[in-house]
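Please open the structure in the viewer and keep the sequence panel visible. The tour proceeds by selections, each followed by a description of what is found there.

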Amino acid sequence: MHDREQIMSEIQGETKDQVPVTVLTGFLGAGKTTLLNHILTAEHGRKYAVVINEFGELGVDNDLVVDADEEVFEMNNGCICCTVRGDLIRILGSLMKRRAKFDGIIVETTGLADPAPVAQTFFVDENVREKTRLDAVVTVVDAYNVLQTLEESSEAVHQIAFADVIILNKTDLVDEAKLAEIEAKIRQINAYVKIHPAVRSNVALTDVLDQGGFDLQRALEYEPDFLENTEHSHEEGVTSMSFPVSEPINEARFHAWISALLQEQGGDILRSKGILNFAGHDDRYAFQAVHMMADGDFIGPWKQGEKKESRLVFIGRNLNRPRLRRGFESCRA
Ligand SMILES: Nc1nc2c(ncn2[C@@H]2O[C@H](COP(=O)(O)OP(=O)(O)OP(=O)(O)O)[C@@H](O)[C@H]2O)c(=O)[nH]1
């Protein structure tokens with residue numbers, strides 16, 4: 001139990017020296033990493049430390065984030081809102097020792113994270129509360145999939161409910177009428193949230209950074225025991241599996257296999273991503289898909305001394321591990 005009165009009064013007496021923290025959330029494949037890259041490559045004269053949490057046994061997201069000279073910390077031992085909250089507290093603690101090196105911190109959560117416990121960390125943990133300030137919860141919404149996702153996932157509802165700012169992304173994939181329907185749906189969950197429509201998360205940085213404060217009052221209205229209740233549940237049945245392959249992969253065979261797989265099981269496979277070593281190419285290939293919609297690109301050379309191992313991650317329901325492994329391994333060159 002935490003003394004709500006005490007927390008509220010301490011927050012009101014904040015000092016300017018606290019580091020602003022932006023929490024980026026949004027369902028699987030909504031465009032969080034795209035937004036993060038947009039922020040990190042923009043000219044704002046600021047330096048951000050980045051904490052990435054992904055749901056998967058093998059890290060892929062780190063490779064998908066641009067090579068800015070930002071400090072990137074990866075936590076992939078579990079979901080940020082459950083087991084790794086201790087890790088988050090520790091990482092924030094160690095960042096604070098190098099406070100002078102950056103102006104702000106960005107925490108990208110996994111698409112399956114409930115942002116409430118992440119936001120709680122900034123109020124409930126005394127040390128974190130003293131040194132940092134939750135600037136805003138920014139939720140990226142996938143316009144193409146959101147209406148269905150909200151039906152199926154309580155985390156997706158929470159991500160909208162706790163948002164201070166919503167980036168309504170992938171507007172290129174829906175028409176005006178659909179957009180209006182989505183905005184109305186969002187407003188049902190979070191009436192006063194700022195909504196910024198976007199393509200490829202391309203929003204003005206002033207819409208995302210320096211928002212001036214997470215709305216604790218609103219969080220308490222939505223969830224009165226926000227500061228006390230640290231229990232939460234997860235959507236049933238969603239798991240993550242990852243498959244490393246050390247031999248080079250045949251590009252054509254991979255594309256044929258993955259498109260057939262996603263055609264057949266894209267309803268259950270919420271998200272897939274991979275870093276691939278295609279035979280005959282020097283550069284890494286980044287593959288990703290949200291349900292059936294896939295894309296990919298070469299993203300530059302392997303790092304010096306890095307093992308050229310292909311890694312493919314699936315997140316979804318009813319995943320058949322041996323079948324996925326066999327399928328991926330059959331793409332070896
Ligand atoms: N058509 C379209 N595709 C987009 C847009 N924004 C991002 N994408 C694609 O959507 C996919 C997912 O984007 P990411 O930025 O990796 O999404 P994410 O939220 O970080 O994904 P997770 O970390 O797995 O939850 C990628 O294939 C992007 O290229 C958009 O505005 N329009």
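The stops below go from the whole chain to the ligand, then to the nonpolar core and a single strand residue.

**The whole protein.** Begin with a cartoon view of the full chain, bearing in mind that this is a predicted model. The protein contains twelve helices and twelve strands. Of its 333 residues, 40% are buried. Among contacts with a separation of 6 or more, 79% join residues 24 or more positions apart.

**The ligand.** Next, select the ligand and display the 22 residues around it. Which of these residues come nearest? They are Gly31, Lys32, Thr33, Thr34 and Gly111. By character, the shell comprises six nonpolar, nine polar and seven charged residues.

Now colour helix H2 (32-41) and strand E10 (283-290), each of which supplies at least two residues of this shell. H2 provides the largest share, namely three residues.

Colour residues 18-222 as domain 1 and residues 239-329 as domain 2. Why does the shell lie between them? Both domains give residues to the shell around the ligand, so the shell lies between the two.

**Helix H5.** Select residues 115-124, which form helix H5. This helix is mostly covered, as nine of its ten residues are buried. The buried residues are Pro115, Ala116, Pro117, Val118, Ala119, Gln120, Thr121, Phe122 and Phe123.

**The largest nonpolar core.** Keep Ala119 selected and add Val23, Val138, Val141 and Ile167; these five have the most contacts inside the largest nonpolar core, a set of 74 residues. Strand E5 (residues 132-142) gives the most to this core, with six residues. The core also draws at least three residues from each of domain 1 (18-222) and domain 2 (239-329).

Centre the view on Val23 to inspect its surroundings. Leaving aside residues up to four places away in sequence, Val23 touches Val107, Thr109, Pro115, Val118, Ala119, Leu134, Val137 and Val138. Of these partners, Pro115, Val118 and Ala119 are among the buried residues of H5.

**Strand E12.** Finally, select residues 310-316, strand E12, and locate Val313 within it. Is Val313 buried or exposed? Val313 has 24 other C-beta atoms within 10 Å, and the threshold for burial is 20 or more, so Val313 is buried. To end the tour, select Arg187 together with Val313: their C-alpha atoms are separated by 33 Å, and the two residues are 126 residues apart along the chain.

Key:
Residues are numbered from 1 along each chain as its sequence is written. This is a predicted model: local features need pLDDT of at least 70, side-chain atom pairs count only at pLDDT 80 or more; totals for chains, interfaces and linings use all residues. A residue is near a molecule or strand if its C-beta atom, placed from the backbone, lies within 6 Å of it. Helices (H or I, at least four residues) and strands (E, at least two) are DSSP runs, numbered from the N terminus. Ala, Val, Leu, Ile, Met, Phe, Trp, Tyr, Cys and Pro count as nonpolar, Asp, Glu, Lys and Arg as charged, and the others, Gly among them, as polar. Domain bounds come from an automatic or database domain assignment. A residue is buried if 20 or more other C-beta atoms lie within 10 Å of its own, exposed if 12 or fewer, and partly exposed in between; C-beta atoms are placed from the backbone. Two residues are in contact if their C-beta atoms, placed from the backbone, lie within 7 Å. A nonpolar core is a set of buried Ala, Val, Leu, Ile, Met, Phe, Trp, Tyr and Cys residues joined through C-beta atoms within 7 Å.
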